[in-house]
Amino acid sequence: MAEYKLLTKDFGMDGIQTLAVYERIGGYEGLRKALRSMTPDELVAEVKTSGIRGRGGAGFPTGMKWSFLPKDVHPRYLCVNADESEPGCFKDRALIDENPHQLIEGTLIAAYAIQAPIAFIYIRGEYHDQRLLLERCVEEARAAGYVGRDILGSDFSCDIIVHGGAGAYICGEETALIDSLEGFRGQPRLKPPFPAVKGLYGKPTVVNNVETLSNLPHIVLRGGAWFASVGAEKSTGTRLFCCSGHINRPGTYEMQLGTPIRELLEDECRGIWKGRSLKAFQPGGGSMQVLLPEHLDLPLEMDAVQRAGSALGAGAMVFMDETTCMVDVSMRLVDFYQHESCGKCAPCREGTYFESELMHRLEAGALTPAELSTLTDICDNMNGKCFCPLGDTATWFVMSAYQAFRGEFEEHCGAGGCPVKRRHAAMAVA
Amino acid sequence: MSVLTPKTRAEIERQRDRYPHARSAVLPSLWAVQHQLGYLSPEGMKEVAELLRLTPSEVEAVASFYSMYFDRPGGRHHVLVCVNVSCALRGAEEIVSHLESRLGCPSGGTTADGAFTWEHTVECLGACGGAPAMQVDHHFQENLTPERVDAILDGVRGAPAAEGPAGRPHRSSGSAAQRAS
Ligand SMILES: Cc1cc2nc3c(=O)[nH]c(=O)nc-3n(C[C@H](O)[C@H](O)[C@H](O)COP(=O)(O)O)c2cc1C
Ligand code: SF4
Ligand code: FES
């Protein structure tokens, strides 16, 4: 089975970033159909029928999330989560670069469904060119009557504000995103109340991922039932998988959910590079647990990957060949979480610091076995005890790698350097 | 005396009026200041506070949380190299040591001629499919080799500073938690 192109169908088309070309291929017809022939409630029902689950990481059913908004409380807000900073993830950037109007159309459809007068697109600071592109596209759409007052002659009005972040992974967490958008340090808030009840400016708010929203024009045009027929039963539709690491052809590939991971690796990524073999991979981005070659026959299906002890998360697949040092990889991820911890709660603020310090000494071959055994204690004091998922996930990869590659971790103790790198350097010379 | 130009002040006012609540304009306003000055000076932040009707310490507390705002001037061009996993698997460390020797200063430093400030970052830049990757003045540069890095740096060295990003990273190795203190 090859790629299944729904969201990526028009990637690479000349001029697709302009309204004229997007309209020529049927762009904004989904929005027109929704405004002309569907009530907001019918639209929510259609999205429920599609079975689509959020593409931002947690996989929550989108239609259900929308229906949690309390009746008759206005205004409501839509936040588009374009903060994409999960290690290994670059699909939202591709969706913006390669089809920005698809996202804007999806955003307007969602705003209509929840009756939001303003949609905010929160885009990470590093995506500077992407922010400028979106701003230009929003103005183009405004001039054509898709954004602003009485859209396409209906009585629905919606403005879109593109808001640039400034370098903080935690602002991808929905309540931290809201804090940041309100002009504060982006730190998570206690839930409940959930954003659906009390979000931006204290009002009911929906936060959805870029990829989730980019699906909506297709769901509206082709119907929820059609969408539900694509993919797997409880993971409907397609997903964009960001593939990177030791593969022959890195990139973003859109696959029907349910396809075996092996097909993604072999057919799209063209296998592991340099004729080497696969040692391990990470299926959902930096936060998720390590999987092994024996897991390649798992389907790209949210629940199946979860049952195997990991998750599809944000759709990043990082493949590692036989020469990879799992301690080095763990150290880099732990460093990331230590750097990105927002400092609000002690288990994460202090725990990531201890983790990072320990992993650096381990990778340098300067740790004793007794010290290594404290790694589990540190992680036990974090996992499930942190204020938000960042602190929990800061333990997931390293703990799973420690379990699966225990010998490699132990071998580092007192080795005076990285034994894995030493071994492969020696092999390269021989 | 205003340190901000009428253009920057007008941009901050435009941002302020875009949002239901003026405070939401803090981040875009700080970007406008950094665009003009190359970094966030205390005077610049004070003016943001006045325009948004906040206290200077409220604005500074926000600014210090985010890693892309600079607290001191730096080189005309800014280079940010990713060392997260996908880049590391494909040679990020080689790029880092190449930059170190080519630019003659460690990560976080500025070249003697003031052309470049560079740093490496543990934050994935969202370019893992083109690893190893970096950003130069906020533009992605991917599939790097030492030779490509040389060509890219030669290409921008003479060019004027690009929009916004020039300036020196502040406390680049600290966590957000440390940035908080
Ligand atoms: C630490 C952390 C970082 C996150 N980063 C992102 C992100 O960059 N983009 C995103 O869409 N969701 C991110 N999420 C998930 C959001 O909180 C939220 O669930 C998501 O945006 C909802 O959109 P969806 O239902 O369309 O998936 C993150 C969550 C956590 C805990
Ligand atoms: S777990 Fe980490 S990121 Fe989340 S609130 Fe606590 S300190 Fe902040
Ligand atoms: S790991 Fe370097 S860009 Fe993602």
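Begin by selecting residues 92–103 of chain B, which form helix α6. Its twelve residues should span 16 Å at 1.5 Å a residue, and the end C-alpha atoms are indeed 16 Å apart, so the expected and the computed spans agree. Please note that the model under inspection is predicted.

Within this helix, colour A92(B), I95(B), V96(B), H98(B), L99(B) and L103(B), the buried residues of α6(B). They cover an arc of only 165° around the axis, and therefore lie on the same side of α6(B).

Next, display the whole of chain B as a cartoon. Eight helices and four strands make up its secondary structure. Followed from the N terminus, the elements appear in the order α-α-α-α-β-α-α-β-β-β-α-α. The chain has 181 residues, of which 57% count as buried.

Two loops of chain B merit a stop. Select first the loop between β2 (116–121) and β3 (134–136), where P132(B) is located. The peptide bond that leads from A131(B) to P132(B) is cis, its omega being near -5°. Then move to the loop between β4 (139–141) and α7 (146–157) of chain B, which contains N143(B). This residue is not a glycine, yet the phi of N143(B) is positive, near 50°. Is N143(B) buried or partly exposed? With a relative accessibility of 48%, N143(B) counts as partly exposed, because that class lies between the 20% limit for buried and the 50% limit for exposed residues.

Now turn to chain A. In the loop between α4 (62–67) and β1 (77–82), select P75(A). A cis peptide bond links H74(A) to P75(A), with omega at about -5°. Continue to the loop between α6 (100–114) and β2 (118–123) of chain A, which holds Q115(A). Although Q115(A) is not a glycine, its phi is positive, at about 60°. The relative accessibility of Q115(A) is 31%, so this residue counts as partly exposed.

The last stop is ligand 2. Where does ligand 2 sit? Ligand 2 occupies the largest cavity. Select its surroundings and 13 residues appear, the closest being C342(A), K344(A), C345(A), C348(A) and C388(A). Colouring this shell by residue character shows nine nonpolar, three polar and one charged residue around ligand 2.

How values were computed:
Residues are numbered from 1 along each chain as its sequence is written. Chains are lettered from A and ligands numbered from 1 in the order in which they are written. This is a predicted model: local features need pLDDT of at least 70, side-chain atom pairs count only at pLDDT 80 or more; totals for chains, interfaces and linings use all residues. Side-chain values use heavy atoms; hydrogens and water are left out. A residue is near a molecule or strand if one of its heavy atoms lies within 4 Å of it. On a 1 Å grid over the protein atoms alone, a cavity is a set of points where a 1.4 Å probe fits but cannot get out, and a pocket is an open set with protein on both sides within 12 Å along at least five of seven lines; lining residues have an atom within 4 Å of a point. A molecule sits in a cavity or pocket if more than half of its atoms lie within 2 Å of its grid points. Ala, Val, Leu, Ile, Met, Phe, Trp, Tyr, Cys and Pro count as nonpolar, Asp, Glu, Lys and Arg as charged, and the others, Gly among them, as polar. The expected span of a helix is 1.5 Å times one less than its number of residues. Buried means under 20% relative accessible area, exposed over 50%, partly exposed in between (1.4 Å probe, protein chains only). The arc is that of the directions from the helix axis to the C-beta atoms.
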